[in-house]
Amino acid sequence: MKNPLFTLFFFMPLVTMLLSMNIGLVSGRCRDQRPLMELRNSLTFNHSASTKLVKWNSTPDCCDWPGITCDEVGSGRVISLDLSLEGITGGLDDSSGLFSLQFLQNLNLSFNSFNTTLSVRFANLTDLISLNLSSAGFIGQIPNDISNLTKLVSLDLSTFFFFEVPALKLEKPNLATLVQNLTHLEELILDGVNISAQGSDWGKALSSSLPNLKVLSMTNCFLTGPLDASLAELRSLSIIRLSSNYLSAPVPEFLANYPKLTALELSACQLNGIFPQTVFQIPTLEILDLSANELLQGSFPEFHQNLSLQTLLLSYTNFSGTLPQSMGTLEKLSRIELVGNNFTGTIPSSIANLTQLFYLDLSSNKFEGRIPSFRKSKNLNYVDLSRNNLTGEIPSGHWEGLLSLTYVGLGYNAFNGSIPSSLFAIPSMQRIQLSNNRFGGQIPEFPNVSSSLLATLDFSSNKLEGPIPSSIFDLANLNFLELSSNKLNGTVELRLVQKHPNLLTLGLSYNNLTVIVSGSNSNVSSLPQIKKLRLASCNLRVFPDLRSQSKLYHLDLSDNQITGQVPRWVSELSLLQYLNLSRNLLVDLERPLSLPGLTILDLHRNHLQGSIPFPPPFITYVDYSSNNFSSIIPPNIGIYLSFTFFFSLSNNHLTGAIPQSICNTDWLQVLDLSYNSLSGTIPSCLIERTKTLRVLNLRRNNYGGSIPDKFPRSCGLKTLDLSGNKLQGKVPKSLENCTALEVLDLGNNQINDSFPCLLKSISSFRVLVLRNNTFSGFIGCAEINGTWPRLQIVDLAFNHFRGNLPHIFLETWEGMMESENRNLEHIKYDPLKLTNGLYYQDSITVTFKGFERELVKISTVFTYADFSSNNFEGPIPDFIGQFKALYVLNLSHNSLTDNIPPSLGNLSHLESLDLSSNQFTGQIPPQLASLSFLSVLKLSYNRLVGRIPTGSQMQTFPSDSFEGNPGLCGPPLNLVCFNTSGSAFTWRSNQRKEFDWNFLSAELGYIFGLGIIILPLMFGKRWRTWYYTHVDRVIFRIFPQLNKRSNNLGRRAQRNRGRQ
């Protein structure tokens, strides 16, 4: 018989072990499976995008499901839930199982599209330490209940919006209410939430409630400044992101006092003032982003060693100065972006020591000199040094060993020499941009073309010569090839580009190339689907057949010799937006041109004739100028110009009046109808349209009547050219409303008015032409203050102005005084802000070097003053000698007096000086001989005296430059100066003023005595016979041989008479 006590003793440990095992199994099982499944079943999500929810319930234990973490103490409670990027589009409401997860500490629902308001039941999750709802699609007011999550250490409610209104907002409650209980918070990320708080409010709310804050990220939150001083109390801050707000204040010095600051991002905050240099010296700072603050000034200090800076972003600010050599000590620096500043000097050679450099963009500054080597920066991926003043050759060795480099941008500088061939050998290289430099020589051949990744080559606007290398057509990945505006030569068959199946842009314009587009070996239909084709000035004689190019949106065939008609298939290019066929020999165009997407159409300088073709409906730029169109302007033309900015019909044979429909165009900025035979009066509605119109050119037509006095108060005109018509009346008073006016040409009309002082407050004036009208009275304006400081061309010739030239008035013309540091540009207006040469070019007619010339381009450095053929009197103001930028000065045909001022010798740029037909006295100033550029000098018909000054050019002028001045002598005149001491000059000058009676009495006596003898001989026969007899007797006694000769002559005369 078995002992029951023994049996009990034996089984007790086993039972205890089994019980403990059972308890362990129960405790390891997920206890939150039910609410999780309720959550899953209620959510709407994209099953194909989901990587977590679709796998729930795949195993018995929910702690093993993706996105779920349970506690580590074996309670089976879910403490972390990550449903980010699950494609959730809805299904979260107050009854959701989510809010039953009472032990949840970390919740991440970011990057979904719940598209609902934030539930107040989030406040039930009181154990939450981290809540991430970033870009989860929640909208509306953030509930105040969030502030009950007092254990929160990290809160991310950020959202991203572009053109829509912010998804989340903090109004009631505001930011202060939200954070008042979150004292443990270390990370606050509210990017994109509409907080709309002032600097003192949000600053004090943070500093008073969040003493442990380390990360502050509130970009694009509609915050205003300034940065409140209370923020200095947040000593634990390591990351500050406040970009894209409206701080509109200087950067405070206290930012440099954060001992743990690693990132400071204040881009696009409208910051101003001078940035404190001490911020650059923060030892822990790794990221500094101040970009897109155009009013923020500053410069770099000398950098300390052992700084931590890795990313430096200052693009589009107003920093200046030089880059210090100590920048090379920033060993951790990997990204430098300084685009669009005013940095000067050379790029420091120490940059070559930045071995961690990955991204370098110094474009659009004023750097000069040579570029450093980048050979040590083995990680370098991107280099852009374009749009500076960099010079010199680029050694190939600068780029060797850079196996990660993908982009090099060196365009818009002044580099010369050959293109470094080492750029082509970099296996990772994808884009090379070298346009607008002075590179010469031939384009090197491309090695390893079969494995090359090169996709972009832009060598345009250089001085490259020779043929295009054949290897360039073997670059299989090439999609952008721009070689325009060089000196390349040879023949290019267009069929060669069919080797580039990915080619999207091809530019060969303005070289010495001949492009062959037809022939037995050319199959244009096999070309890749090009989007942009530029073949201007390529010696084309026929229109290339591009009807198969269905993706073409930009076509430039200008400046060729294409004849005949524009082919009809052009209308089949449905995506075409840009069409330039200008400067060809085309004679006809399909009407109407059915290209609905066309926005730019340039047909100028062809032989097109007939009526004006109606442009496509959405056109923005139309140039029909310099053709043979010979109709009226269609009455309904305005209907087709609803979106047009530029419209030119200049230099045709158009007749009739300006149709009223043009006045109905809402966007028109340039209207050029010059050089036609249009007539009638200028429509009042057209003048009223100058609210949007910037250029109105009606030059050289037959308009009559007066200029309508209808210029609106918001007039935006920059150019008004009404010259060469038959306009009468006065300058309209309302023209003073055009405060942006730069060019005003009213010349060659019949306007009868006084000097237009009503325009005196227009400080933008550059060109004023009143030539050949009937203006009268004095010039100059009372109470002037800074009148026309930019004026560079003034033409008042052939009017009836009188009085002195007022020096007070002239003193305000500062544009004629500046001669140094002036950029060589042209006065123009670009309505579309394009860089392809499509803009309105101002022109003007001037009298220069004795001839009337049309300046088709008005250089900003050309200055011109013509006051001729008026009734001005008095002396030349000595102040004109300060017009050092003046090229032409014409004061001829007036009544100016006194001496020619020596200060005219200061006009060092003067090329033409005409002071003829005045009443100048005295000597020619010797200072005029120093004007080395002077090629025309006219001093004729004055009262000048003395020796013509000798100089390098004075004797090269023709003598008629000095004629009409009886008192002048010396070359080039034939009059010799007798007394070098000057007394002879005084004599020549005095003999015109008084008589010397001693000389006069002797001369009268001589004439009287001679008359007593001569008159009787002429009128008295008896006296004449007696005189000849006695005089002959006296002469024969003195010269006997004459008597014998006289007798012989007498006998010969008798014989002759006998023969008769």
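In the predicted model, residues 36–71 form a span that is 19% helix and 14% strand, with its end C-alpha atoms 16 Å apart. An unreviewed UniProt entry annotates these residues as "domain: Leucine-rich repeat-containing N-terminal plant-type".

Aromatic pairing was examined next. A search of the whole structure yields 38 aromatic pairs. Tryptophan 56 and tryptophan 65 have ring centres 5.6 Å apart and planes at 25°, so the pair is classed as stacked, planes under 30 degrees apart being the criterion. Tryptophan 56 has a relative accessibility of 3% and counts as buried; tryptophan 65, with a relative accessible area of 1%, is likewise buried. A tilted pair is formed by phenylalanine 300 and phenylalanine 319, whose ring centres are separated by 6.3 Å and whose planes lie at 40°. This pair links distant parts of the chain, 19 residues apart: phenylalanine 300 belongs to the loop between β17 (295–298) and β18 (311–313), whereas phenylalanine 319 is part of strand β19 (residues 318–321). Both phenylalanine 300 and phenylalanine 319 are buried. Elsewhere, ring pairs join Phe755, Phe765, Phe775, Trp788, Phe801, Trp813, Phe867, Phe872, Phe879 and Phe883 into a cluster.

The largest nonpolar core comprises 268 residues. Within this core, the residues with the most contacts are Leu98, Phe122, Trp202, Met218, Trp399 and Phe459. Apart from it lies another core of 14 residues, including Val767, Phe848, Ile858 and Tyr887. For tryptophan 202, when neighbours within four places in sequence are left aside, the contacts are Leu175, Ala197, Met218, Leu223, Thr224, Leu227, Leu231, Leu242 and Leu247.

Strand pairing was then considered. Three strands make up an open sheet in the order β23-β25-β27, with parallel pairing. The edges are occupied by β23 (368–369) and β27 (414–415); each has a single partner strand, so one side of each lacks a neighbour in the sheet. Between β23 and strand β25 (residues 389–392), the parallel pairing extends over 2 bridges. Glutamate 368 has asparagine 389 of β25 as its bridge partner.

A further parallel pairing involves strand β33 (residues 487–493) and β35, which are joined by 5 bridges. Threonine 491 is matched across this pairing with threonine 514 of β35 as its bridge partner. In a regular strand, side chains alternate between the two faces of the sheet. Such alternation is found along strand β35 (residues 512–516), where Leu513 and Val515 point to one face and are buried. The side chains of Asn512, Thr514 and Ile516 point to the other face of β35 and are not buried.

A polar residue in a buried setting is provided by asparagine 560, located in the loop between β37 (554–556) and β38 (563–565). Its relative accessibility is 7%, and asparagine 560 therefore counts as buried, the threshold being under 20%. The asparagine 560 side chain reaches the backbone nitrogen of leucine 540 at 3.0 Å. Beyond its neighbours within four places in sequence, asparagine 560 is in contact with Leu535, Ala536, Ser537, Cys538, Asn539, Leu540, Arg583 and Asn584. Leucine 540 thus appears both in the contact list of asparagine 560 and as the residue whose backbone nitrogen its side chain reaches.

Notes
Residues are numbered from 1 along each chain as its sequence is written. This is a predicted model: local features need pLDDT of at least 70, side-chain atom pairs count only at pLDDT 80 or more; totals for chains, interfaces and linings use all residues. Side-chain values use heavy atoms; hydrogens and water are left out. A nonpolar core is a set of buried Ala, Val, Leu, Ile, Met, Phe, Trp, Tyr and Cys residues joined through side-chain atoms within 4.5 Å. Buried means under 20% relative accessible area, exposed over 50%, partly exposed in between (1.4 Å probe, protein chains only). Contact means heavy atoms within 4.5 Å. UniProt positions are given in the numbering used here, feature names are shortened, and annotations may be inferred rather than shown by experiment. Helices (H or I, at least four residues) and strands (E, at least two) are DSSP runs, numbered from the N terminus. Two strands pair if DSSP finds at least two bridges between them. A polar contact is a pair of N or O atoms within 3.5 Å; within protein, one must be able to donate a hydrogen and the other to accept it, and residues adjacent in sequence count only if both atoms are side-chain atoms. Rings of Phe, Tyr and Trp (its six-membered ring) pair if their centres lie within 6.5 Å; planes under 30 degrees apart count as stacked, over 60 as edge-to-face and the rest as tilted.
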